[in-house]
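How do the helices, the sheet and the ligand surroundings of this model fit together? The paragraphs below take these parts in turn, beginning with helix packing.

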Amino acid sequence: MFCWGSSKHAMIQVSWNVSRDAFSDSSSSNIAAIDFATTSDSTKRVALFGLGGTIASWPAQGASTAVIPSMEANTLVESVPGLESIARVESRTLRTMSSANISFADLFEVADAIHEALASGVDGVVVTQGTDNIEETSFALDLLIRDERPVVVTGAMRNPSLAGADGPANIRAAVAVAASPLARGLGTLVVMNDEVHAARFVRKTHLSKLSAFTSPQCGPLGIVVEGRVHLYTRVESLVTASPVGDVAPVALVRCVLGDDGRIVSALPGLGYRGLVLEGFGGGHIPEVMVERLVEVVAAMPVVLASRTGAGVVLESTYGFAGSEVDLLSRGLLSAGSLDGLKARVALTLVLTSTGNRGESESRFRAIVEAIG
Ligand code: DAS
């Protein structure tokens, strides 16, 4: 694993092990006031960062049953029976927000906090957050974190006020994975419903079921049973992309029946610096869109993904105008095995890691290549 560039976002300069007082000055960062708590004295150490989401949501006082993210990370940790038998968990609240409000800038700070914790010697890291965009945030962390130790993202489908709330079980399983030497070198993982998923493949494929997270490309890497991690397949660590400038705006556009391409034509004028286009099936668009798209390719990198969300974008099967052969020959980049959401995360990070278009395109290709 290697990395490009160096991060200018090293905002959290304090050591993980210093006292709570040392965290009180958060003026150089918009990270929320930090709470810091530990459980147990197990030999394994796991850092847990709370960002909010359903797992940390509770009905607002005097309100209806509607919940808002409000719980501190240490409260989540304390709600998990038997956690101390797995690891000593050191928790900090970084945000209490809905995942809809998480930005790339937030993720750069989370990545800095993770590097800080890893530098202090923890065995692994857990991030708790809203589940709605875990498939994007976990993949961003996959590309931002430079360490072999496990980084595990989890959340909950049912908030703690509901019967059968899944947050505590998900935290327990996530901590087990974060503490496990077996999970090293797999990049960022997502643990939900006792399943271990690779960040590069996992998707939220149901709105409310506990089994909402699936990896349509290859299935989960493994499962957690009785606190033990069982891995059945492995993935390679990815090259990383360190942010060095302002976040590059990248659009994700899905090609639809009867599309004429007017949305993609508007993108350069809207300030976008990149486009991921989800084409039909193997990577196809209506012929009428092709010339419009060629104009966009002249202005910015354009990635071709499939709106099916699984499989590998074709390269040499169809030759009609608007086919994958046609589009790739016109300078579009293949998303390979990445779905549109993940291709957009990768393109955003490579464009943010260098101002050179050729370099960003070769970095994107390297990520696609490494995933296979
Ligand atoms: N859907 C909620 C969750 O799963 C809200 C969110 O993503 O913040 O946590």
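Two residues are in contact here if their C-beta atoms, placed from the backbone, lie within 7 Å. The coordinates belong to a predicted model, and every statement that follows should be read with that in mind. By the contact criterion, Ala-346, Leu-347, Val-350, Leu-351 and Ser-353 of helix 8 meet Ser-360, Arg-363, Phe-364 and Ile-367 of helix 9. Sorted by class, the residues joining helix 8 to helix 9 comprise 6 nonpolar, 2 polar and 1 charged.

Two packed helices are described by the angle between their axes and the distance between the axes. For helix 8, which spans residues 340-353, and helix 9, which spans residues 357-371, the angle is about 140° and the axes are 9 Å apart. Angles over 145 degrees count as roughly antiparallel, whereas those that fall in none of the named ranges count as oblique, and helix 8 and helix 9 are therefore oblique to each other. Their crossing is right-handed.

Helix 8 also packs against helix 3, which is formed by residues 134-144, and here the angle is about 40° with the axes 9 Å apart. This angle makes helix 3 oblique to helix 8, and the crossing of helix 3 past helix 8 is right-handed. On the side of helix 3 the contact involves Glu-135, Glu-136, Phe-139, Ala-140 and Leu-143, which meet Leu-341, Lys-342, Val-345, Ala-346 and Leu-349 in helix 8. In terms of class, this contact of helix 3 with helix 8 contains 7 nonpolar and 3 charged residues, with no polar ones. Ala-346 thus appears in the contact with helix 9 and in the contact with helix 3.

From helix 3 the path leads on to helix 2, residues 104-119, which packs with helix 3 at an angle of about 50°, with the two axes 10 Å apart. Helix 2 and helix 3 are therefore oblique to each other, and helix 2 passes helix 3 in a right-handed crossing. The contact is made by Phe-104, Leu-107 and Ala-111 of helix 2, together with Thr-137, Ala-140, Leu-141 and Leu-144 of helix 3. By class it has 6 nonpolar residues and 1 polar residue, and no charged residues.

Turning to the strands, an open sheet of 4 strands runs in the order 16-17-18-19, with parallel pairing. Strand 16 (250-254) and strand 19 (333-334) stand at its edges, each with a single partner strand, so one side of each has no neighbour in the sheet. Strand 16 pairs with strand 17, residues 274-279, in the parallel sense over 5 bridges, and Ala-251 stands opposite Leu-275 in strand 17.

Which residues lie around the ligand? They are Gly-53, Thr-54, Ser-98, Ser-99, Gly-130, Thr-131, Asp-132 and Gly-155. This shell divides into 7 polar residues and 1 charged residue, with no nonpolar residue in it.

Note on methods:
Residues are numbered from 1 along each chain as its sequence is written. This is a predicted model: local features need pLDDT of at least 70, side-chain atom pairs count only at pLDDT 80 or more; totals for chains, interfaces and linings use all residues. A residue is near a molecule or strand if its C-beta atom, placed from the backbone, lies within 6 Å of it. Ala, Val, Leu, Ile, Met, Phe, Trp, Tyr, Cys and Pro count as nonpolar, Asp, Glu, Lys and Arg as charged, and the others, Gly among them, as polar. Axes are lines fitted to C-alpha atoms, for helices over the stretch in contact, and angles run from 0 to 180 degrees between N-to-C directions. Helices (H or I, at least four residues) and strands (E, at least two) are DSSP runs, numbered from the N terminus. Angles under 35 degrees count as roughly parallel, over 145 as roughly antiparallel, 65 to 115 as roughly perpendicular and the rest as oblique. A crossing is left-handed if the near helix is turned anticlockwise from the far one by less than a right angle, and right-handed if clockwise. Two strands pair if DSSP finds at least two bridges between them.
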